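Me: I would like to learn how to read a chain-to-chain contact and a helix pair. Could we work through an example?
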Amino acid sequence: MKQSRRCGQVLLVVIVCGVIVCGLTALAADKEHGTLVRDAALYVTPGSTSEKIGRVERGRDLIVLEHIELAATAAEQTSVAEKAPWFKVFVTLPQGTAVREMTGWLPALGVVTFSTPNGDRIIYGEAVDSENQAEQRGGRKGAADDAMRLYYRVGDLFPNSPLAAEATWRSADIRWQLEKNQIRSRPSQRDLSPDARGHVDEQWMKEIIKRYPHTRWADLAAYDMIDNRLCGEWKGLAACPEKESDIYERYAREHAQSPKAAEALYYAAWRQAVLADIYRINSDGTRSALARKKARALAQEIASMPTDGDWQPRAAVLIFKLERNIPLYGPGPE
Amino acid sequence: MTTLKHRTHPGLLTALLLVAAAAFAAGPEKEHATPIRETNLSASPDANAEKLMPLERGRDLIVLDRSTPAGGQAWLKVAVPPVASGDKTGRPSTDTQKQKEEMTGWVPATVAVAASTMNADLIIYGEAVNSENEAEQRRGRRSAAEDALRLYQRVAEFFPTSSVGGEALWRHADIRWQLDRARSKGPADEQLLQAVIKKYPGTKWADLAAFDLLDNKMCPAWNGLAECPQKESLAYEQYAREHPQSSKFAEALYNAAWRQAVIADIFRGNAQRASSTAAHDRALALAQEVTSQLSPDWKTRAGDLIYKLQQNIPVYGVQQ
């Protein structure tokens with residue numbers, strides 16, 4: 001009896017909480033979402049003279065709660081931002097390792113919402129701009145993260161845009177490269193096997209494959225995910241290059257239309273050539289000959305592929321080295 | 001009846017004989033080769049022979065003789081010309097720098113690709129790509145960029161009419177350009193890029209070389225003045241007008257538009273409203289032109305610029 005009353009109370013709390021969450025979600029869903037294409041300060045009240053409570057970077061998700069037109073004073077007329085309306089927004093900002101949900105005001109300048117004409121192109125263009133900044137030597141700090149968020153927002157705010165798939169893929173790829181660099185920069189990670197080493201989170205790549213199956217984006221996502229299965233160091237043993245060659249070859253067979261198919265086949269061939277050297281050093285003539293034969297066959301396959309770019313000349317030099325027994329792995333010059 | 005007489009001028013005959021004799025004395029043109037792997041120049045065709053000097057990938061070798069000792073590996077006797085002081089091949093190694101005269105010695109035939117080797121153009125080009133790729137890796141081989149530089153140069157020299165000849169010369173010039181720019185603050189040497197334009201006029205490589213050359217027209221800093229971005233904007237627009245087929249067309253036009261937007265901000269900051277409006281309108285017109293291009297990245301970047309111009313969001317200076 002007592003237990004059943006407790007159950008009833010718990011049920012009531014769950015229902016009330018559910019109603020509140022649903023209400024908030026519905027409220028958020030009703031509200032207009034947007035993002036920034038330039039950094040902006042978040043203020044307690046509308047107007048740049050009020051107290052700043054945070055900084056919102058490009059690409060953060062904003063929920064626009066309220067609009068206001070400021071009655072601009074003569075002095076304020078000089079500021080472009082002051083002439084524009086102000087938005088009350090709800091935003092989630094990172095603080096150290098935690099996140100903080102904040103509500104505040106920012107100038108509407110630079111806010112792009114799903115009702116902005118050509119909003120998808122504007123955000124995508126700013127993402128390309130940020131990605132470009134990230135690649136410059138003296139580029140803006142945090143530009144890669146900006147690009148990652150902005151690309152994500154294109155797919156998030158404009159799922160039906162023709163740019164959505166490419167943007168979502170680019171966002172996932174930037175995230176992947178950043179995380180991979182972080183993991184690989186740890187010296188302790190290099191010696192570990194792929195199973196023991198830290199993995200890049202596959203969630204975003206799997207999402208691409210699920211959302212855009214059998215497209216070039218799914219092919220590219222599957223290719224990135226190979227990174228998680230590669231060894232850090234081979235240590236002169238055949239096991240790793242053997243496994244990696246199989247992985248690359250399987251990718252090339254399963255994704256024949258992928259822009260990465262020739263590259264994958266080249267890496268499969270190159271690893272077979274390395275295996276031939278490893279087996280030769282270990283005086284295992286039979287296996288060495290088999291690996292050499294396999295390397296040649298794979299490299300020759302690239303020559304017959306309809307591919308532009310550098311993979312065919314790279315395959316040609318690999319075949320040449322195999323024919324002349326020039327080692328690819330091990331000691332340098334004779 | 002008309003008799004046709006074949007008459008030969010005695011002076012001409014003498015001249016022809018002299019030319020033939022000179023050609024015979026010079027012998028047939030020597031074959032060139034290049035190593036696709038780091039190796040050594042040896043005093044004799046023997047793996048244990050004295051090493052005269054190291055040979056990097058892409059060094060020019062003139063084949064003088066071939067030798068295959070019984071049961072051993074094949075060797076090439078080669079002459080290695082010194083790297084001339086004005087050579088743009090790349091930073092030579094210390095040993096190479098010491099080489100003042102042509103050296104003669106032996107190299108293992110396995111690592112040298114002769115011009116007569118089947119698919120030699122693709123093989124040397126492929127090794128150049130490998131080296132370029134190495135140079136881009138964080139832990140890539142030291143001096144890989146210089147290797148790529150030399151290997152691309154060899155493709156362009158040995159096989160100027162190959163399908164990869166133009167691309168190789170362009171890549172050679174571009175790597176040299178990027179290395180020069182990274183190493184010195186002054187204007188980079190234009191010689192190699194000008195050679196690409198001269199040798200392959202009206203091609204994509206000439207367009208790309210001309211785009212690289214714009215770097216020399218850029219100011220090191222604008223210092224908040226309109227003069228430099230104005231000059232740069234004109235340089236980019238002129239490039240776009242003169243190279244409408246270039247793969248850099250949209251980029252050049254976008255760069256011209258973006259600089260006009262910057263100029264609008266600079267003039268606005270100086271309270272020069274009329275000049276600011278003129279630059280603003282010019283930026284808009286140029287950016288609109290980019291949006292009609294096929295390249296999605298430049299198209300969307302232009303769209304973003306147009307939005308900022310329409311909203312009067314500053315693109316230059318201190319942001320709020």
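Me: How many residues does each chain give to the contact between chain A and chain B?

Reply: The size of an interface is often given as the accessible area lost when the parts come together. Here the count is by residue instead: 31 from chain A and 31 from chain B. The model is predicted.

Me: Which elements of chain A give two or more residues to the side that touches chain B?

Reply: They are strand E2 (40-43), helix H2 (80-83), helix H3 (119-135) and helix H12 (311-323) of chain A. H3(A) gives the most, with seven residues. By class, this side of chain A has 16 nonpolar, six polar and nine charged residues.

Me: Turning to the helix pair, at what angle do H7 and H8 of chain A pack?

Reply: Helix H7 (residues 203-211) and helix H8 (residues 216-224) of chain A pack at about 155°, and their axes are 8 Å apart. Angles over 145 degrees count as roughly antiparallel, so that is how H7(A) and H8(A) run relative to each other. The crossing of H7(A) past H8(A) is left-handed.

Me: Which residues meet there?

Reply: From H7(A) come A:Met205, A:Ile208 and A:Ile209; from H8(A) come A:Trp217, A:Ala218, A:Ala221, A:Ala222 and A:Asp224. Seven residues of this contact are nonpolar, none is polar and one is charged.

Me: What does the secondary structure of chain A as a whole come to?

Reply: Chain A has twelve helices and seven strands. Of its 334 residues, 37% count as buried. Among contacts in chain A with a separation of 6 or more, 58% are between residues 24 or more positions apart.

Terms used
Residues are numbered from 1 along each chain as its sequence is written. Chains are lettered from A and ligands numbered from 1 in the order in which they are written. This is a predicted model: local features need pLDDT of at least 70, side-chain atom pairs count only at pLDDT 80 or more; totals for chains, interfaces and linings use all residues. Axes are lines fitted to C-alpha atoms, for helices over the stretch in contact, and angles run from 0 to 180 degrees between N-to-C directions. Helices (H or I, at least four residues) and strands (E, at least two) are DSSP runs, numbered from the N terminus. Angles under 35 degrees count as roughly parallel, over 145 as roughly antiparallel, 65 to 115 as roughly perpendicular and the rest as oblique. A crossing is left-handed if the near helix is turned anticlockwise from the far one by less than a right angle, and right-handed if clockwise. Two residues are in contact if their C-beta atoms, placed from the backbone, lie within 7 Å. Ala, Val, Leu, Ile, Met, Phe, Trp, Tyr, Cys and Pro count as nonpolar, Asp, Glu, Lys and Arg as charged, and the others, Gly among them, as polar. A residue is buried if 20 or more other C-beta atoms lie within 10 Å of its own, exposed if 12 or fewer, and partly exposed in between; C-beta atoms are placed from the backbone.
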